[in-house]
Amino acid sequence: MKHFYSLFCPVLLASVLLVACGSESPVVVKSAPVFSTSELAGGETTVFDASSHAFSIPAPNLSASALEKHLEGDVEFEAVFVTAPAVVNPGLGPIYNNVSCINCHSRDGRGRPPDADEGLVSLLFRLSLPKAEDSIDGKPPIPVPGFGTQLNNRAVVGTDPEGKVKIDYTEQTLTTEDGTRVHLRYPNYTFTETYQPLPSEVEVSPRVAPVVFGLGLLEAIPENVILAYADEADANGDGISGKPNYVWDVVEQRYNLGRFGWKANQPTLLQQVAAAYHDDMGITTSLFQTENSAGQPQLTHHSPKPEVSDEILDVVTFYVQTLAVPARRNLDDPQVKHGEQLFAEAQCASCHVPTLRTGVLTGVPSVSNQTIHPYTDLLLHDMGPGLADNRPDFHANGSEWRTPPLWGIGLVKRVNGHTNFLHDGRARDLMEAILWHGGEAERSRQIVEQMSKAERNALIAFLESL
Ligand code: HEC
Ligand code: HEC
């Protein structure tokens with residue numbers, strides 16, 4: 001890709017961002033005379049790069065000092081942690097899922113379930129005990145004694161991993177109205193080699209690592225904008241409700257709107273990052289000071305706390321706040337345009353909201369006051385029994401999931417070399433992902449099933465342009 005220094009920011013967004021831009025140094029963006037709005041998926045943070053690096057580029061509108069901070073965060077995101085004591089990056093484990101952020105969020109992109117002969121890499125399992133009568137009480141999940149709320153399938157030398165998981169799939173066939181047969185696979189999980197028995201009533205939520213670009217923009221969407229899309233009682237009668245999750249904010253010590261994670265189970269990127277260090281890598285921070293193996297007989301690990309400093313937490317948070325969003329492609333292709341229309345007709349846009357406006361995210365001017373095209377409402381939707389994990393997470397019940405953003409989804413294949421979608425990666429391509437939609441999206445799926453082959457191809461061509 002060619003980079004040009006341009007006056008893009010003042011020229012295009014003079015009325016909105018002159019003050020912010022005035023203080024920034026020259027920005028690195030592709031110079032082009034006119035951009036159509038929907039090409040700029042991430043507003044001014046958009047990059048024109050459709051290569052395998054498309055998810056790993058700093059937002060082009062960062063100031064020089066902000067870019068420096070982003071690059072410091074990049075180093076930490078890639079840092080490989082080891083067992084303490086060590087000179088560099090100690091503190092791993094004693095139990096963990098992986099040794100670095102990038103190992104799961106490969107190329108800042110998404111993970112996938114393992115192939116038959118592979119161990120878990122970027123898929124993890126949340127665990128909890130059932131609540132009385134499966135009540136959705138808005139409280140955090142109940143940890144499983146001896147395991148906590150996540151299965152850590154790896155451990156440092158001298159410590160037992162909590163267990164392993166075997167995955168097999170049940171195939172089922174769905175026939176669309178025009179007679180096309182689509183094979184869908186449903187995952188079954190067997191927990192093996194657990195270091196102590198898992199209670200039989202354990203609730204399990206499989207989750208693959210999502211992409212990590214564009215997240216500062218999602219954090220910058222004002223709460224009232226998100227809540228305006230919520231329609232819990234379905235007052236407009238379209239069969240689609242949309243419900244906010246409210247989750248525990250450890251910094252503010254109160255319940256706040258959840259935005260991140262497959263069930264909108266984290267309120268801020270700071271907390272999401274600290275939780276990743278803690279839950280996925282066994283690394284303590286000022287937010288989560290107790291080892292994730294606490295309560296286990298094998299808590300033998302007494303390194304200085306916190307194992308990762310507030311400075312590192314800050315730069316890594318800034319890194320995921322300021323990764324650029326790749327621009328849309330092929331907007332003028334007639335098939336893509338047709339697909340965009342079908343996307344609206346099939347009510348996809350009721351949950352995958354195409355356009356939102358960010359407010360101000362303190363300390364991150366590059367993501368503030370942007371018009372963006374994330375294709376999410378950040379709300380929870382009942383997706384039906386086929387996708388249910390039956391594990392409540394704060395206000396999310398066992399069949400509710402947060403609408404995932406669709407921006408960049410057409411580049412996943414190039415960046416990550418696979419097309420596994422949905423929270424557990426069961427879908428092997430975009431059409432399979434759509435055909436798993438149920439619950440509030442039942443009608444959308446039926447509309448897609450009734451489409452002609454040419455229409456379904458157009459819908460996919462549109463998704464691939466994102
Ligand atoms: C073992 C794999 C794994 C590791 C290691 C890991 N993550 Fe993740 N990450 C995930 C999964 C799975 C999710 C979804 C979690 C959920 O739904 O609760 C996630 C979610 C996220 C999100 C929220 C994305 C969104 O769209 O909501 C961010 C940000 C993130 N991780 C950053 C990090 C950082 C920073 C690190 C390193 C400190 C890290 N992750 C380490 C697997 C991993
Ligand atoms: C009721 C809200 C709703 C509607 C309507 C809806 N979706 Fe979704 N969509 C979701 C949710 C929630 C998920 C995540 C489900 C999961 O992972 O289990 C999802 C997942 C997806 C994914 C996979 C994304 C990923 O990152 O893995 C694609 C692609 C998708 N939807 C496309 C569509 C299309 C196309 C339509 C219209 C035919 C549509 N959706 C209609 C809520 C909706």
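These exercises walk through two iron-containing ligands and two buried residues of a predicted model.

This is a predicted model: local features need pLDDT of at least 70, side-chain atom pairs count only at pLDDT 80 or more, and totals for chains, interfaces and linings use all residues. Residues are numbered from 1 along each chain as its sequence is written, chains are lettered from A and ligands numbered from 1 in the order in which they are written, and side-chain values use heavy atoms, with hydrogens and water left out.

**Exercise 1. Find the protein donors of the iron atom of ligand 2, and place them in the chain.**

Step 1. Look for donors, meaning N, O and S atoms within 2.8 Å of the metal (3.2 Å for Na, K and Ca); water is not among the atoms, so sites may look incomplete. H352 (NE2) and H437 (NE2) coordinate the iron at 2.0 to 2.1 Å.

Step 2. Place the pair. H352 sits in the loop between helix 8 (334-345) and strand 13 (356-357). H437 sits in the loop between helix 10 (430-435) and helix 11 (442-450). The two are 85 residues apart, so the pair links distant parts of the chain. Here helices (H or I, at least four residues) and strands (E, at least two) are DSSP runs, numbered from the N terminus.

Step 3. Check burial. Both H352 and H437 are buried (under 20% relative accessible area; exposed is over 50%, partly exposed in between; 1.4 Å probe, protein chains only).

**Exercise 2. Describe the shell around ligand 2.**

Step 1. Count the residues near the ligand (a heavy atom within 4 Å). There are 28, and C348, C351, H352, H423 and H437 come nearest.

Step 2. Find polar contacts (a pair of N or O atoms within 3.5 Å; within protein, one must be able to donate a hydrogen and the other to accept it, and residues adjacent in sequence count only if both atoms are side-chain atoms). A polar side-chain atom of H423 is 2.6 Å from an oxygen atom of ligand 2. For R110, a polar side-chain atom is 2.8 Å from an oxygen atom of this ligand.

Step 3. Sort by class. The shell holds 18 nonpolar, 7 polar and 3 charged residues. Ala, Val, Leu, Ile, Met, Phe, Trp, Tyr, Cys and Pro count as nonpolar, Asp, Glu, Lys and Arg as charged, and the others, Gly among them, as polar.

**Exercise 3. Repeat the analysis for ligand 1.**

Step 1. Start at the iron. Its only protein donor is H105 (NE2), at 2.0 Å. H105 lies in the loop between helix 3 (101-104) and strand 5 (123-128).

Step 2. Widen the view. The ligand is surrounded by 29 residues, and C101, C104, H105, R126 and G261 are the closest. Helix 6 gives the most, with 7 residues.

Step 3. List polar contacts. The side chain of R126 has an N or O atom 2.6 Å from an oxygen atom of ligand 1. A backbone N or O atom of W262 is 2.7 Å from an oxygen atom of the ligand.

Step 4. Sort by class. The count is 18 nonpolar, 7 polar and 4 charged.

**Exercise 4. Are K243 and W401 buried or exposed, and what do their side chains reach?**

Step 1. Take K243. Its relative accessible area is 15%, so K243 is buried. The side chain of K243 reaches the backbone oxygen of H395 at 2.8 Å.

Step 2. Take W401, in strand 16 (residues 400-402). At 6% relative accessibility, W401 is buried. Its side chain reaches the backbone oxygen of L387 at 3.1 Å.
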